[in-house]
Each structure stands twice: as structure tokens, then as C-alpha cells.
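Got the model open in your viewer? Here's a tour, stop by stop: what to select next, and what you'll find there.

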Amino acid sequence: MQSGSINTLKHIVGYPTKMLRILNTNARCIHVRSGLSRLPQYKGRTTNPGRRLCSASATAEKGEDSLLRWILLLIPTTTFGLGTWQVKRREWKMQLIDDLRRLTTAEPIPLPTDPMELKGLEYRRVKVRGHFDHSQELYVMPRSPVDPEREAREAGRLSSSGETGANVITPFRCADQGITILVNRGYVPKQKVRPETRTKGQVEGELEVVGVVRLTETRKPFVPHNDVDKNRWHYRDLEAMAGVTGAESIFIDADFASTIPGGPIGGQTRVTLRNEHMQYIMTWYGLCAATSYMWYAKFIKKIKL
């Protein structure tokens with residue numbers, strides 16, 4: 001019994017020494033230095049802790065490299081998707097431009113008086129017969145004369161050259177329908193806004209006017225509110241304009257042929273839409289090609305860029 005107790009005591013006393021040797025061995029395996037000359041033994045075989053650490057490090061680095069590879073692949077993939085989306089957008093814009101041109105050059109039809117029918121006829125040419133009421137002119141300003149060729153040249157610029165003035169909106173009493181509508185007679189320079197400066201253009205009597213149906217506008221950001229008291233309108237609010245003049249909420253842009261010498265210049269319907277999608281297509285596809293090559297050179301050919 002005494003001998004067993006002594007053996008147990010020796011085992012307990014020797015345990016810290018064994019643990020210290022194990023910890024010391026593990027420490028040597030982890031903190032490998034080039035100056036170490038003795039390698040730990042395991043069952044008669046020599047093991048290399050440096051090799052094991054290098055293998056673990058290489059595995060971790062390989063995993064990180066693989067993750068980075070797929071993350072960076074998102075760049076050419078995304079730019080290719082954006083370029084393809086711009087192709088679709090360009091097709092849609094070209095179709096829209098063609099539709100607007102067909103509407104604004106089609107044979108005019110009699111003006112419908114049903115508001116629900118008019119909602120589906122924006123940019124459709126219509127004709128009306130009657131006379132103007134020049135005493136209730138409205139002025140939408142500032143405006144520049146419509147010039148499709150100049151606007152195409154200046155597309156994308158922050159500012160444009162040229163004069164500014166106003167569009168003259170005049171109530172028009174339709175003889176056939178028995179209603180009063182609003183007609184945008186066209187553009188006048190700012191020195192000709194007042195009616196007394198263009199008396200020759202204030203045509204009297206019954207006449208036929210051909211124009212393009214326009215719907216009401218919603219005020220865009222940074223566009224000033226309409227000043228009804230000063231008769232300064234910045235956007236086309238048909239309900240407010242009709243309330244001031246007593247006309248119906250029906251609005252047409254008179255065509256260029258309606259121009260009277262000395263009066264407003266007709267044909268002020270802007271149908272030129274900005275179409276810069278080709279530039280976007282080239283940009284996105286160019287970025288896709290560049291980033292695809294960089295990805296291929298980095299991860300496939302293993303070339304350091």
C-alpha cells in the first residue's frame with residue numbers, strides 16, 4: 001500500500017515536468033527559426049514543423065486568392081450587364097423617337113373633346129377652327145426657340161447659347177365644338193412679349209389652326225412655381241391655366257405653318273429626345289473588355305500587372 005502511494009506521488013510530482021516538455025516541443029514546432037538544429041522525434045521519424053506551417057499558410061493563401069478571384073470577376077460581369085442594358089435602352093429610345101415623329105407628321109384629325117380620349121393622343125396632330133382671344137394671353141418663360149439641329153449639337157452641355165423669350169398661350173374659341181381651348185401660338189423674343197410690340201401678329205377673325213396635343217406637366221425639381229398674379233408660367237399646368245382663362249383643360253401647340261408675320265413663331269413642340277446611349281454602350285463594354293483582360297492576366301496567365 002505504501003509502495004503504491006509513493007508511486008502515485010512520484011507520478012503527480014513528475015506531471016508538471018512532462019507538461020513542460022510537451023509545451024516546449026509544441027513551441028518549437030510553432031516558432032520555427034532557421035537556427036534550429038534539432039527536430040522533434042515522433043515514433044522514430046523526423047518531422048518538420050516548418051513544412052507543416054508553410055503548408056497551412058499556403059492553403060490559407062490559396063483560399064483567399066480563390067475568393068478574391070471570384071469577387072473581382074464581378075467587375076467585368078457587371079459592366080457587361082450594364083452595356084447590354086444600354087443596348088436595350090437605345091432600342092427603346094429609337095423606337096420612341098420614331099413614334100413621336102410619326103405622330104407629329106401625320107395627317108391632322110378633328111379635335112376630340114372627350115378628356116379621356118385626349119389622354120391617349122399626346123403629340124397627335126389635330127385641327128380646330130375658330131378665333132383667338134388675345135386679351136387673355138399667358139406667357140410661359142423663359143423659353144428658347146425650338147431648333148432641332150442646334151439642340152442636337154448642344155446635347156449634353158450644361159448651358160446652351162441663343163436667345164430667350166416666351167411662348168405665348170392664347171385662348172381659342174372653337175366654332176364647331178363650342179368650347180374654348182388653349183393654344184400655344186409659339187415663341188416670341190423677350191422684347192416682343194408685350195402684345196403692343198407685335199400688333200401685326202394679333203390676327204383677328206376665324207381661322208383654322210393645326211397643332212399637336214399636349215398634356216399637363218408636373219413641376220420638375222428646381223423649376224420655379226408658376227406666378228399666376230404676374231402671369232409668369234414656368235411649366236404647363238393645364239388646370240391652373242384653364243382656371244385663369246375660363247378655357248377647357250385642352251392644350252395644343254400650333255404648328256409652324258400657323259405662324260403669322262410679326263407674331264409668335266409656331267412649331268414649338270420639342271420632339272428631339274437626347275439619345276446618348278451609344279456612348280454609354282461603348283463605355284461599359286470598354287470597361288468590360290479591359291477588366292476581363294486584367295482578370296485573365298492575373299488569375300489565368302499568372303502575370304503580375
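Begin with the second largest pocket of this predicted model, which holds about 300 Å³ of space. Its lining counts 16 residues, and the ones to select are Pro-115, Leu-215, Leu-238, Ser-249 and Ile-250, the closest to the pocket's centre. Now colour by secondary structure: α4 (115-118), β8 (207-214) and α6 (238-245) each put at least two residues into that lining.

While you're there, pick Val-244, which sits in helix α6. Val-244 has a relative accessible area of 41%, so it counts as partly exposed. Draw a C-alpha to C-alpha distance from Val-244 to Asp-229: you should get 9.9 Å, for a pair 15 residues apart in sequence.

Next stop, the salt bridges. How many salt bridges does a search of the whole structure find? The count is eight, and here are some worth a click.

Select Arg-214 and Asp-253, whose side chains meet in a salt bridge at 3.0 Å, N to O. This one ties together distant parts of the chain, with Arg-214 in strand β8 and Asp-253 in strand β9 (residues 251-254), 39 residues apart. Are these two buried or exposed? Both Arg-214 and Asp-253 are buried.

Slide over to Arg-236 and Glu-217, another side-chain salt bridge, at 3.9 Å, N to O. Both partners belong to the loop between β8 and α6, 19 residues apart. Arg-236 is buried, since its relative accessible area is 11%, under the 20% cut-off. Glu-217, at 29%, counts as partly exposed. Before leaving, add Glu-122 to your selection: salt bridges with shared partners join Glu-122, Arg-214 and Asp-253 into one network.

Now go to helix α3, residues 74-105. At 1.5 Å a residue, its 32 residues should span 46 Å, and the end C-alpha atoms are 47 Å apart, so the two agree. Highlight its buried residues: Pro-76, Thr-79, Gly-83, Gln-86, Lys-93, Ile-97, Leu-100 and Thr-104.

Still on α3, find Asp-99 and Arg-102, a salt bridge whose closest N and O atoms are 2.2 Å apart. The two lie three residues apart, about one turn of the helix. An α-helix has 3.6 residues a turn, so residues three or four places apart point the same way. Asp-99 is partly exposed at 26%, and Arg-102, at 49%, is partly exposed too.

Finish on the surface. Select Tyr-293, Met-294, Tyr-296 and Ile-300: together they form a nonpolar patch with about 430 Å² of accessible area. Tyr-293 belongs to helix α7 (residues 277-299).

Definitions and conventions: Residues are numbered from 1 along each chain as its sequence is written. This is a predicted model: local features need pLDDT of at least 70, side-chain atom pairs count only at pLDDT 80 or more; totals for chains, interfaces and linings use all residues. Side-chain values use heavy atoms; hydrogens and water are left out. Helices (H or I, at least four residues) and strands (E, at least two) are DSSP runs, numbered from the N terminus. The expected span of a helix is 1.5 Å times one less than its number of residues. Buried means under 20% relative accessible area, exposed over 50%, partly exposed in between (1.4 Å probe, protein chains only). Patches are made of residues with over 30% relative accessible area and no salt bridge: like charges are joined within 9 Å, nonpolar side chains (Val, Leu, Ile, Met, Phe, Trp, Tyr) within 5 Å. Accessible areas come from the Shrake-Rupley method with a 1.4 Å probe; for residues, only the protein chains shown count as cover. A salt bridge is a side-chain nitrogen of Lys or Arg within 4 Å of a carboxyl oxygen of Asp or Glu. On a 1 Å grid over the protein atoms alone, a cavity is a set of points where a 1.4 Å probe fits but cannot get out, and a pocket is an open set with protein on both sides within 12 Å along at least five of seven lines; lining residues have an atom within 4 Å of a point. Grid points are joined across faces, edges and corners, and a volume is the space filled by probe spheres set on the points.
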